[in-house]
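Biologist: Thanks for sitting down with me. Could you bring up the chain, so that we can talk through its packing together?
Modeller: Gladly, here it comes.

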Amino acid sequence: MTDRYVLAIDQGTTSTRCIVFDRRATVVAVARAEHPQSYPQPGWVEHDAARIWRDTQKVISRALAGLSADRIAAIGIANQRETVVLWDRATGKPVAPAIVWQDTRTAGVLSSLDSDVLRDSTGLPAATYFSATKIRWLLDNVPGLRFRAKQGEILFGTMDSWLIWNLTGGALHVTDVTNASRTQLMNLATLEWDPSLLEMFDIPAGMLPEIRSSSEVYGTALGGVPIAAAIGDQQAALFGQTCFEPGDAKCTYGTGGFLLLNTGTDPIRSGHGLITTVGYRIGSSPPVFALEGSIAITGSLVQWMRDGLGLIATPSEIETLAASVTDNGGCYIVPAFSGLFAPHWRSDARGVIVGLTSYITKGHLARAVLEATAWQTRDVVDAMNADSGLALTGFNVDGGMTADNLLMQIVADVLDVPVSRPMVAETVSLGAAYAAGLAVGYWSDLRDLSGNRHRAARWLPRMTSEARAAGHATWRRAVASAVFFSDGLA
């Protein structure tokens, strides 16, 4: 019998990947295309959605080289969340650049929003991070767009909706419940678009896609292959890490850092600055919820070291440079390029480098870059422990940054728990594949998926408790400096 596979599309913030998996979750083929980030003004981050669709077609073609489409059992899509695409219903062309999740241009409207209503209805704070204020900004600032939207000519979608629309030739305008839960327009209790929230943001309901489960057949592409999953990238990583039980947690390190804790079928409201979100929904089963702590800048800080400062030529060089010194020399970097996300939620905060002396070298700066990711993780873990009433005993990691062994050791040291990386580090793609495969019976159930998990590496903490406490105290002062600096600009 000819082997069959599942194809996963991972449309991320800096690149689009296509990975083909077999039944044992082994990577059969992979293709990747990086796309540029546009920064037209301070705090603005944009993408060319048409370019991303072209890249998607290219990586699908490359990944399937030598494989016929009839050997693909299903297609699953994972995507950068919150990023907003508006396009013309008739032509299928974007009407403006996509506004990326990191963008902070809408900070001025936050004070006009009812934060308590948002928290109660959506589990999300008033922040520039989410989709709703970005949609509103485009409707308010692109001439004629609001009128056209009210006439039903304009569609909104996160990247999953945009790709499914294009893959099906405009036949389907859908999203899944995980992506919908990040727009600030879906009610967590009903899992439907909330009319009162649409009114709050002044967004026409006709723009919005239909909300579906994360794992079900939506339609077909590539001549009849089922599109059987759409899931936000961080929820996909939770699924790919097989975090199927309440209390299971993972952190994905990519452009940003995202820590999710499975809380079961009941949403837990955070009292410590975390997000309540939908983790996944399989077919008609009840949704599984999660607590999430989102860090805006992790891997993109390494990119800034490369592209902005020119201190490294490739991202992998950061580990070698950081390892050239034994500590940070007293230097700390708070990378609030897009404000501070969980648990602080200060959209107005700005990045700072503190502790600079003539002793500091580029090696110390590189070390401070890696430590910034670790200390930001510590802030989120502390909040998660407080909300859940549990103390973290182990830490599952994935994503491109986990290839940096020094970073993973620093994370273990800062958290004082073992850190484990699975055999397949790119669990975002794997989670999308798992969700799609389940929908078509390629895998039988969640136990079938759990049997595929294998650990590739583990790091144990080596830092003394005194050094950890001292470093954390200095980090907190550095974060206070980032907030103080923003207050001084007001």
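**Helices, sheets and a salt bridge**

Modeller: A word before we start: this is a predicted model. A good place to begin is with H9 and H11, which are roughly antiparallel to each other.

Biologist: At about what angle do helix H9 and helix H11 pack?
Modeller: H9 covers residues 299-307 and H11 covers residues 362-388, and their axes are 9 Å apart. An angle over 145 degrees counts as roughly antiparallel, and that is why H9 and H11 get this description. The angle at which H9 and H11 pack is about 160°.

Biologist: Which class of residue makes up the contact of H9 with H11?
Modeller: From H9 come Leu 301, Val 302 and Met 305, while H11 brings Leu 365, Ala 366, Val 369 and Ala 372. By class there are no polar and no charged residues in this contact, and seven are nonpolar.

Biologist: How do H11 and H12 lie to each other, parallel or oblique?
Modeller: Helix H12 spans residues 405-415, and its axis comes within 9 Å of that of H11, crossing at roughly 40°. The crossing is right-handed. Angles under 35 degrees would count as roughly parallel, so H11 is, relative to H12, oblique.

Biologist: How many charged residues are in the contact of H11 with H12?
Modeller: On the H11 side the contact includes Arg 367, Glu 371, Trp 375 and Arg 378. On the H12 side, Leu 406, Ile 410 and Val 414 are among them. The contact divides into ten nonpolar residues, two polar and, for the charged class, three.

Biologist: Now to the sheets. Which are the edge strands of the open sheet of six strands?
Modeller: The order is E3-E2-E1-E5-E14-E13, with mixed pairing. Neighbouring strands here are turned by 25° against each other on average, direction ignored. Each edge strand pairs on one side only, and the two are E3 (27-34) and E13 (215-221).

Biologist: Which residue stands opposite Thr 220 in E14?
Modeller: E13 pairs with strand E14 (residues 225-232) in the antiparallel sense, over four bridges. Opposite Thr 220, in E14, stands Pro 226.

Biologist: Which helix packs on that sheet, touching E5 and E14?
Modeller: The helix in question covers residues 233-240, and its direction makes about 105° with that of E14. It also lies across strands E15, E16, E17 and E21, running at about 130° to E15. This is helix H8.

Biologist: How many residues apart in sequence are the parts that Asp 233 and Arg 81 tie together?
Modeller: The whole structure has 23 salt bridges, and one of them joins Asp 233 to Arg 81, with the closest N and O atoms 3.5 Å apart. Asp 233 lies in helix H8 and Arg 81 in the loop between E5 and strand E6 (85-88), so the separation in sequence of the parts they tie together is 152 residues.

Biologist: Why is one side of E17 and of E23 left without a neighbour in the sheet of seven strands?
Modeller: The order of that open sheet is E17-E18-E16-E15-E21-E22-E23, with mixed pairing. E17 (275-280) and E23 (455-459) stand at its edges, so what each of them has is a single partner strand.

Biologist: Last one: which residue stands opposite Asn 396 in E22?
Modeller: Strand E21 (residues 395-398) runs parallel to strand E22 (residues 419-422), and two bridges join them. The residue of E22 opposite Asn 396 is Ser 420.

Definitions and conventions. Residues numbered from 1 in each chain as written. Predicted model: local features only at pLDDT ≥ 70, side-chain atom pairs only at ≥ 80, totals over all residues. Heavy atoms only, no water. Axes fitted to C-alpha atoms, helices over the stretch in contact; angles between N-to-C directions. Parallel < 35°, antiparallel > 145°, perpendicular 65-115°, else oblique. Contact = heavy atoms within 4.5 Å. Nonpolar A, V, L, I, M, F, W, Y, C, P; charged D, E, K, R; others polar. Pairing = 2+ DSSP bridges. Salt bridge = Lys/Arg side-chain N within 4 Å of Asp/Glu carboxyl O. Left-handed = near helix turned anticlockwise from the far one by under 90°.
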